[in-house]
Protein chains: 2
Amino acid sequence: MISTDLIKGSLKTIVLKLLEENGRMYGYEITRKVEELTEGKIKLTYGALYPVLHKLESEEVLVTESENFNNRIRIYYSLTPKGHSVVVEKLKEMKEFIESLEKIVNPQPGLRYA
Amino acid sequence: MISTDLIKGSLKTIVLKLLEENGRMYGYEITRKVEELTEGKIKLTYGALYPVLHKLESEEVLVTESENFNNRIRIYYSLTPKGHSVVVEKLKEMKEFIESLEKIVNPQPGLRYA
DNA sequence: TTACAATATATAAGATACTTAAATATACTG
DNA sequence: CAGTATATTTAAGTATCTTATATATTGTAA
């Protein structure tokens, strides 16, 4: 499991990317999906996830639809038009961030096959 | 410039990696180096950097040597033996983190050349 | 049948890490 | 002589996350 310090700050982008990829998802499903994709290395806590979802909704980046499934409430989140453009920005930023980290962690990548 | 939210949590690892790479560095030099390596995309603020350096010193991960250069104090930081093993751990974690992010941001990387 | 695990969301209290801003001081450049 | 670069420090505030707890249903194993 990866130190939670590292994950801080990436949560919003992760959530938005998953919603773009999967159309609509509910909170619990998002935590499952992240665990699945990262082979258990990243686990989102509900105390972090739900407040982020609520905040993104209040910012009109996400909209919700409540549904009943087996007597359990499921609150599906999906991107608004504004949300779609936010994802584009966030992913661009994430990509630059990863590239920057790699330049620090692995300087002179061009020499790997030299 | 990358949103500071993303960088949060990576600061410690970045500092430790640079010190491993360069032997010893002073605070100001670290901010310059990060800017240089990331082409200005990551800028460390002094308010974040110096407290981290002090903390790492108190944890015996770093040691300091104060020197005088042109009437300016320079406090050089370098890794302790403990620091070297901390870097190894932190870099492993960082690598897993980057890989995990890529699995989310860019699912099915194996298909890129398929 | 009872207890535990999984599903599903919510939120309060506390910790921590970072931003912003200001302070201090010297050297160099136009 | 004003502004930029060098160099470190630290206080106050904010944001974000962790931890813990609450609630409720369904499925499973003993």
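A polar contact is a pair of N or O atoms within 3.5 Å; within protein, one atom must be able to donate a hydrogen and the other to accept it, and residues adjacent in sequence count only if both atoms are side-chain atoms. The model described here is predicted, with local features requiring pLDDT of at least 70 and side-chain atom pairs counting only at pLDDT 80 or more, while totals for chains, interfaces and linings use all residues. Residues are numbered from 1 along each chain as its sequence is written, chains are lettered from A and ligands numbered from 1 in the order in which they are written, and side-chain values use heavy atoms, with hydrogens and water left out.

**DNA strand C**

A residue is near a strand if one of its heavy atoms lies within 4 Å of it. There are 26 residues around DNA strand C, of which A:Tyr28, A:Arg32, A:Tyr50, A:Arg74 and B:Asn71 come nearest. Of the atoms of DNA strand C that come within 4 Å of the protein, 81% belong to sugar and phosphate. The polar contacts of both strands are set out in the table below.

| Side chain | DNA atom | Distance |
|---|---|---|
| A:Tyr28 | phosphate oxygen, strand C | 2.4 Å |
| A:Arg32 | phosphate oxygen, strand C | 2.8 Å |
| B:Arg72 | sugar or linking oxygen, strand C | 2.9 Å |
| B:Tyr50 | phosphate oxygen, strand D | 2.6 Å |
| B:Arg72 | base oxygen, strand D | 3.1 Å |
| B:Arg74 | phosphate oxygen, strand D | 2.8 Å |

Helices (H or I, at least four residues) and strands (E, at least two) are DSSP runs, numbered from the N terminus. The largest share of the surface near DNA strand C, 5 residues, is supplied by α4(A). By class, this surface holds 11 nonpolar, 9 polar and 6 charged residues. In this classification Ala, Val, Leu, Ile, Met, Phe, Trp, Tyr, Cys and Pro are nonpolar, Asp, Glu, Lys and Arg are charged, and the others, Gly among them, are polar.

**DNA strand D**

Around DNA strand D there are 27 residues, and A:Asn71, B:Tyr28, B:Arg32, B:Tyr50 and B:Arg74 come nearest. Sugar and phosphate make up 79% of the atoms of DNA strand D that come within 4 Å of the protein. Here α4(B) gives the largest share of the surface, 5 residues. The surface near DNA strand D comprises 11 nonpolar, 9 polar and 7 charged residues.

**Helix packing in chain A**

Helix α2 (residues 11-22) of chain A packs with α3(A) at an angle of about 95°, and their axes are 11 Å apart. Axes are lines fitted to C-alpha atoms, for helices over the stretch in contact, and angles run from 0 to 180 degrees between N-to-C directions. The two helices, α2(A) and α3(A), are therefore roughly perpendicular (65 to 115 degrees; under 35 is roughly parallel, over 145 roughly antiparallel, and the rest oblique). Contact (heavy atoms within 4.5 Å) involves A:Ile14, A:Val15, A:Leu18, A:Leu19 and A:Asn22 of α2(A) together with A:Ile30, A:Lys33, A:Val34 and A:Leu37 of α3(A). These residues divide into 7 nonpolar, 1 polar and 1 charged.

**Loop residues with positive phi**

Most residues other than glycine have a negative phi. A:Glu60, in the loop between α4 and β2 (62-69) of chain A, has a positive phi near 65°. B:Glu39, in the loop between α3 (27-37) and α4 of chain B, likewise has a positive phi, near 55°. A:Glu60 is exposed at 57% relative accessible area, and B:Glu39 is exposed at 57% relative accessibility. Exposed means over 50% relative accessible area, buried under 20%, and partly exposed in between (1.4 Å probe, protein chains only).
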